[in-house]
Amino acid sequence: KVPFIPNVSGDDISITGKAKISDGRFGKVAGRFDVQGFTLNLDLSDKALDAKGDLLVNGVPAKIVAQRLLGPDVGQQPPVKIMAKLDDADRMQLGLDVNDIVHGIVPIEASLQPGEGSAPLAIKLHADLTNAEITLDHLQWRKAAGRDATVDADIVSDPNHDTELQNF
């Protein structure tokens, strides 16, 4: 909406919109994750652009939620969140070699935020291990499925494309 009055300012203008992107593709992300087949629903308002949808990461289904705040004095943007429920086969497909320790379905949430300094992207991982069985054979320790457990970590990549979990 743009009013037809003299001296129109940004505060006088209102913007709204909706769009849908189907069968999108990013190609390789972080050097090894093929992101494709995504569908995004976009909602634009005066305050923000909201995006929600589904995607495939190396063939594993996931959901994405993102928001870009608009306007003056926005400050820090909220992170992009990718959520999935990973079973043993999904973890193998993603190259996560932890199935000798973790068994069962694990809901995960990866939060992606622009990084500071030399890191272009800060990635935080949260996994709900409650319904998974965890076995550390060398320590003779086991967590049964159904016992509350979570894990949080920062995912950090170095220039050699090695990936490390920090603040575990």
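This is a short talk on the core, one aromatic pair, two unusual backbone spots and a pocket in this structure.

Okay, hi everyone. Before anything else, please keep in mind that we're looking at a predicted model.

Let's start inside. In soluble globular proteins, nonpolar side chains tend to be buried together. Here, the largest nonpolar core has 23 residues. The members that touch the most others are Leu40, Leu55, Leu86, Val106, Ile108, Ala127 and Leu129. If you'd like to find this core by strand, go to β2 (33-44), β3 (48-57), β4 (60-69), β5 (80-86) and β7 (106-114), the elements that each give two or more residues to it.

Stay with Leu129 for a second. Which residues does Leu129 touch, leaving out those up to four places away in sequence? There's Val106, and then Ile134, Lys143, Arg147, Ala149, Thr150 and Val151. So that list has Lys143 and Arg147 in it as well as residues such as Val106 and Ile134.

Next, aromatics. How many aromatic pairs turn up in a search of the whole structure? Just one. It's Phe26 with Phe38: the ring centres are 4.8 Å apart and the planes sit at 20°, so we call the pair stacked. Phe26 is in strand β1 (residues 17-29) and Phe38 is in strand β2, twelve residues apart, so the pair links distant parts of the chain. Now, are these two buried or exposed? Phe26 is exposed, because its relative accessible area is 55%. Phe38, though, is at 7% relative accessibility, so that one counts as buried.

On to the backbone. Most residues other than glycine have a negative phi, and most peptide bonds are trans. Asn58 isn't a glycine, yet has a positive phi of about 50°. You'll find Asn58 in the loop between β3 and β4. With 19% relative accessibility, Asn58 counts as buried, because the cut-off is under 20%. Gln140 also has a positive phi of about 50°, and again is no glycine. Gln140 is in the loop between β9 (133-136) and β10 (141-143). At 77% relative accessibility, Gln140 counts as exposed.

Last stop, a pocket. The second largest pocket holds about 230 Å³ of space. Eleven residues line this pocket, and the closest to its centre are Ile13, Asp46, Lys47, Leu70 and Gly71. What's the lining made of, by class? Five residues are nonpolar, three are polar and three are charged.

That's it from me, thanks.

Definitions and conventions
Residues numbered from 1 in each chain as written. Predicted model: local features only at pLDDT ≥ 70, side-chain atom pairs only at ≥ 80, totals over all residues. Heavy atoms only, no water. 1 Å grid on protein atoms, 1.4 Å probe; cavity = no way out; pocket = protein on both sides within 12 Å on 5 of 7 lines; lining within 4 Å. Points joined across faces, edges and corners; volume = space filled by probe spheres on them. Nonpolar A, V, L, I, M, F, W, Y, C, P; charged D, E, K, R; others polar. Core = buried A, V, L, I, M, F, W, Y, C linked by side-chain atoms within 4.5 Å. Buried < 20%, exposed > 50% of the residue type's maximum accessible area, 1.4 Å probe, protein only. Helix = DSSP H or I, 4+ residues; strand = E, 2+ residues; numbered from the N terminus. Contact = heavy atoms within 4.5 Å. Phe/Tyr/Trp six-rings, centres within 6.5 Å; stacked < 30°, edge-to-face > 60°.
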